[in-house]
Amino acid sequence: MPIAHEFKYLKAKSLKNAFALMEKHPNYQVLAGGTDLICAIKEGMISPEAVIDIKGLKGLSKIKLSNGELSIGSLVSYSEIIESRTIKSYFPLLKEAAEKVASCGIRNRATMVGNICSAVPCLDAGAPLMVYEATVVVEGKDGERLIPIKEWFVGPRKTSLKAGEIVKEVRIKEPALKHGIAYDKLSRYEGEDLAQATVAVYLDEQNNYRISFGSVAPVPVRASSIENLLNGKALSAELIAQAKILVAQEISPITDIRATKEFRLHMCEVMMERSLKRAQMMLGGK
Amino acid sequence: MSKLKYIGKPTVRVDGKAKVTGAATFVEDIDFGPNLLYAAVVESPYAYAKINSIDTSAAEQAEDVVKVVVGKEFPYRFGLYMHDRYIFAQDYVRFMGEQVAAVIARTPEAAKRAAKLVKVDYTELTPILKVEDALCDHPNLVHPELKSYEHVPWFFPQDDSNIAHFRKIRHGDLDKGFEEADQVFEDVYYVPRYAHCAIEIHGAVGKFDHSGRLTVWTSSQSPHTQRHLFAEALKPLGITHNDVRVITPYVGGGFGGKAGVTMEIIAAALATKVQGHPVKVLWSREQEFYNTYQRQGVVAKMRIGVKNDGTMTAIEQLLYWDAGAYVEYGANVVNAAGLSATGPYRIPNIKIDSVCVYTNLPPGGPYRGFGYSEFLFGLESFVDDIAEKLGIDPIEMRLKNAIKEGDTLAYGGKMNPSGLEQAINKVKKELKWGEKRESKDPHIKTGKGISLFWKAPAMPPNASSTCFLKFNEDASINLLISAMEIGQGYHTVMAQIAAEVLGVPPEKIRGENPDTDRNPYEWQTVASHITWSCGNAVYNAAVDARDQIFDLVERALEKKRDALYLEDMQVKSKDEPEWSVPLRDFIIDGLMMKDGTWRGGPIVGRGMFMPEFASALSNPETGQGGKPNVHYTVGAAGVDIDVDEETGKVKIKKTVLAVDCGKALNPSLVEGQITGGLVQGFATVLYEDMRFSDKGKLLNPNFTDYKIPTVHDIPEKMVPIIIETAQPDGPYGARGVGEHTMIPCAPMIGNAIKDALNVRIKSMPLTAEKIVMSQKNQKK
């Protein structure tokens, strides 16, 4: 199917140049991986006057860990996240989640930052970034802003990013305590699928818990009532059973073509239980 | 039979190199030059509406637009078995996405943009989206003119209704059969629609040259049938069969979706409006889903009478098919299923109603399995449940009732030779039936399930195949044949047949993709009948060529004809072990006599096959009297699965399928059909889930939400078993095997889930969600 919409293709030479182009062409879209953007243009969902390609910008394509803080540039692809030894060693939840994104071909192009910029409710990166309490670093012509991830997602396809701004990177502080993690995604088969529900779990040696659900509410959810229940307590079958009861309060799944709300709720309970157990095993060194 | 040299061997595909290197040409690969134009269609946004007016003025003025064509310019109907389909919608649109008008432009982008500028004024009408609504007391009629439509003599439309065809089978005495039964069971099963999902989408290019020649390049399973339907449909424009030429290069998957004529008619028709310019119509993946053919949905109401020992005494099968807006092909699916809806069982008393119902959903049509997958989901699930209620092992129940050679078929004919019992026993052994496999994971329940299957080719009684076989100087051969190599290995098997007769190795024999000007007639590449039918034609052509060779050698070299045979590209004689003459020495140029004159000349074989014993004529009230089916291919299959009781996820640990293909001309290719069919069948039961809105809009015409399996989703182990009970009229005993291998998938998965979790799900697909939710509901 051809792209019938005509638009200007502009390749930004620098961040400053990108800001200027955005100002000149207010009806713009930013191109990084393009895996969402091209489909949206092709299907006529958006009709930008200009597409500003930032792929050539220096300094946005690195994965870096320094002073206990990880930064992932906005041009870093999911494949690069999967292949990164730093992420595998220190932020394995990101690797686990990245491995379940789409298919290899898509992961080679799609960026994690693009994923949170599209901010569709079924995004893959939401729950793990919520659990890691990431910070989104954006820049516009007036300077830099740091946005905590829980303030980043405003609604379906809506973020705190303002017109004229670009995401530079996502930062995550390395957890100080020994911890275990787990990620699970509900999909209809083993091949690439948009998440019908995701769950990310973190627990550490002092029994601190962080739990987030994705794809079961307009934006990713931190399950604070469940965390409050669990915090300070060692996992037990009884505790998990109590936690499962609280899932329904934390999420608001919908029924659509991919799954019913009843099934999403059921699966969030099951996936949380299994993820907690898996994270606990990891913490225990198993 | 003497020892076979090429038949029964796993010969490497003759088209393999072309496909692996990318040299194989598909419609989209052909360069049509700078005059090529592109068309985009204007589609109906309603499932059912009246067209009041069409305003093309804005589109006509758009940049790069050459012509805008509206439906009324082609007020013609066409169809394979019934003339009920329009080239473009006329006064009414009958499904969402139906073509109403088209824009022809210099670029595909311009065509797509201008198509949006065509303004169509509609009056929306209430669509019929369910079979029950179509059959209510005073329904809206999808085709009020049904009674005036031409159709084949074996269709029985009911005037002033939405019933396009009503196939009745009445055999024995149904009431007596139920009286004789110790117990009578009944149940209802539902099967939704499915899409073929060939990787190559439909595309066609039409060119009407200044001499009045209409050439159409298509991605098709049916080039000759397309030529015939184009000529029939465009006859009012003065176009005849002699003017129409269809060229079909390699095809990237068919599965029935590229049989007959669907969107190709648009390219043929539009070409006549821009004489001299080729016009390309290329479907998008979305259009591929909603405007070609879909597999039809069915509601199956069954009643079966059994003795306490498991003997079946009577069956009533009421099949109501959601055939969509146009049934020109789909009505024959309904017919085929109606003839065979007993399944592969010997049941003396039979009532079958197979009813083809018009709805305002996309046109139904042929899909691998041709109705058999649909009714067997219900029947083979039901048989398991009956066995359970009688306390009989499901395999014993099937062995007791399995049809045998010579048994009477539902329409009164006799069953052909069959290895069904052998197939059941082999599957039973391979599956370790009766042994429960245990899983270490407490959430994983294991289950085994089986299903029988059968299918006959569904085709007109006089469907035929032909072959021209021509030799080249080096005694290599070109087979001019007109079935399609759609991945099944057709060219390879035809080469093997000719090789066996002529002693020329298969790698020296090319099958040529059809150009209807050059390649002789073939009905269509459908019905799993090509190996059998075209195989017979190729065999006959090879025998014809061999006769000519022997004639020549006898005449020119004075050899005793009866002693001659062909081997290693030479003529040899049983009488003279030392003597031989290479084919290349005479196959084109002939043989020189002592006086310098020549005998012979280029050898060209001709072969034809038509099943002269078949007949579609029968009593419309009973279906008795004809011989509509040329033979049945039968088999059995089973699965051993893991089901996660919490997530509903099914993992197929092992699957086994035994099919009696008569003779496996190429065992590797038969195994390919088995594994391919299984994977496709499992997808229909586990993942594929077509959804329509309450307005009749297809909600998932894409692979984002219509899931076909990836390499991660295939069974862990697949065991193909080949059984060979020769088909007397098949080439080297072969009968069809293409469609059959996907037919048992849905019921055997359903039966395995029942075994694992004790839940019976009666509507496809059996998704993880449905499994979990059914189980939760059952516990409530």
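Let's start at a turn: A:Asn67 sits in the loop that links strand S4 (63–66) to strand S5 (69–73) of chain A. The model you are looking at is predicted, and A:Asn67 has a positive phi of about 50 degrees although it is not a glycine. From that loop, this briefing moves out to the whole of chain A, then to its contact with chain B, and on to the domains and core.

**Backbone details worth a look**

- A:Asn67 counts as exposed because 6 other C-beta atoms lie within 10 Å, where 12 or fewer is the cut-off.
- A second asparagine, A:Asn207, also has a positive phi, near 60 degrees.
- You will find A:Asn207 in the loop between S12 and strand S13 (209–214) of chain A.
- A:Asn207 is partly exposed, with 13 other C-beta atoms within 10 Å.
- For context, most residues other than glycine have a negative phi, and most peptide bonds are trans.
- Over in chain B, the peptide bond from B:Met764 to B:Pro765 is cis, with omega near -5 degrees.
- B:Pro765 belongs to the loop between helix H16 (745–757) and helix H17 (768–779) of chain B.

**Chain A as a whole**

- Chain A holds twelve helices and 14 strands.
- With a radius of gyration of 19 Å, close to the 19 Å that the globule rule gives for 286 residues, chain A is as compact as a globular protein of that length.
- Along the principal axes, the C-alpha atoms of chain A fill a box of roughly 60 × 45 × 30 Å.
- Among the 286 residues of chain A, 43% count as buried.
- Of the contacts in chain A with a separation of 6 or more, 63% come from residues 24 or more positions apart.

**Helix H5 of chain A and its cover**

- Which residues of helix H5 (residues 92–99) of chain A are buried? They are A:Leu93, A:Leu94, A:Glu96, A:Ala97 and A:Ala98.
- The cover over the buried residues of H5(A) includes three helices of chain A, namely H3 (78–83), H4 (85–90) and H8 (126–131).
- Strand S11 (179–186) and strand S12 (197–204) of chain A are also part of that cover.

**Where chain A touches chain B**

- The contact brings together 17 residues of chain A and 22 residues of chain B.
- On the chain A side, the residues that touch chain B comprise ten nonpolar, three polar and four charged.

**Domains of chain B**

- The domain assignment of chain B gives domain 1 (16–24 + 460–609), domain 2 (32–125 + 203–282) and domain 3 (126–192 + 294–412).
- Domain 1 of chain B and domain 2 of chain B have C-alpha centres 39 Å apart.
- Their contact takes 17 residues from domain 1 of chain B and 17 residues from domain 2 of chain B.
- The side of domain 1 of chain B that touches domain 2 of chain B has seven nonpolar, six polar and four charged residues.

**The largest nonpolar core**

- This core has 338 residues, and those touching the most other members are B:Ala39, B:Val103, B:Ala498, B:Val538 and B:Ile749.
- Helix H14 (residues 530–557) of chain B gives the most to this core, with eleven residues.
- Leaving aside residues up to four places away in sequence, B:Ala498 touches B:Leu469, B:Ile477, B:Leu479, B:Ile509, B:Val538 and B:Ala542.
- In soluble globular proteins, nonpolar side chains tend to be buried together.

Key. Residues are numbered from 1 along each chain as its sequence is written. Chains are lettered from A and ligands numbered from 1 in the order in which they are written. This is a predicted model: local features need pLDDT of at least 70, side-chain atom pairs count only at pLDDT 80 or more; totals for chains, interfaces and linings use all residues. A nonpolar core is a set of buried Ala, Val, Leu, Ile, Met, Phe, Trp, Tyr and Cys residues joined through C-beta atoms within 7 Å. A residue is buried if 20 or more other C-beta atoms lie within 10 Å of its own, exposed if 12 or fewer, and partly exposed in between; C-beta atoms are placed from the backbone. Helices (H or I, at least four residues) and strands (E, at least two) are DSSP runs, numbered from the N terminus. Two residues are in contact if their C-beta atoms, placed from the backbone, lie within 7 Å. Ala, Val, Leu, Ile, Met, Phe, Trp, Tyr, Cys and Pro count as nonpolar, Asp, Glu, Lys and Arg as charged, and the others, Gly among them, as polar. Domain bounds come from an automatic or database domain assignment. The radius of gyration is taken over C-alpha atoms; the globule rule is 2.2 Å times the number of residues to the power 0.38.
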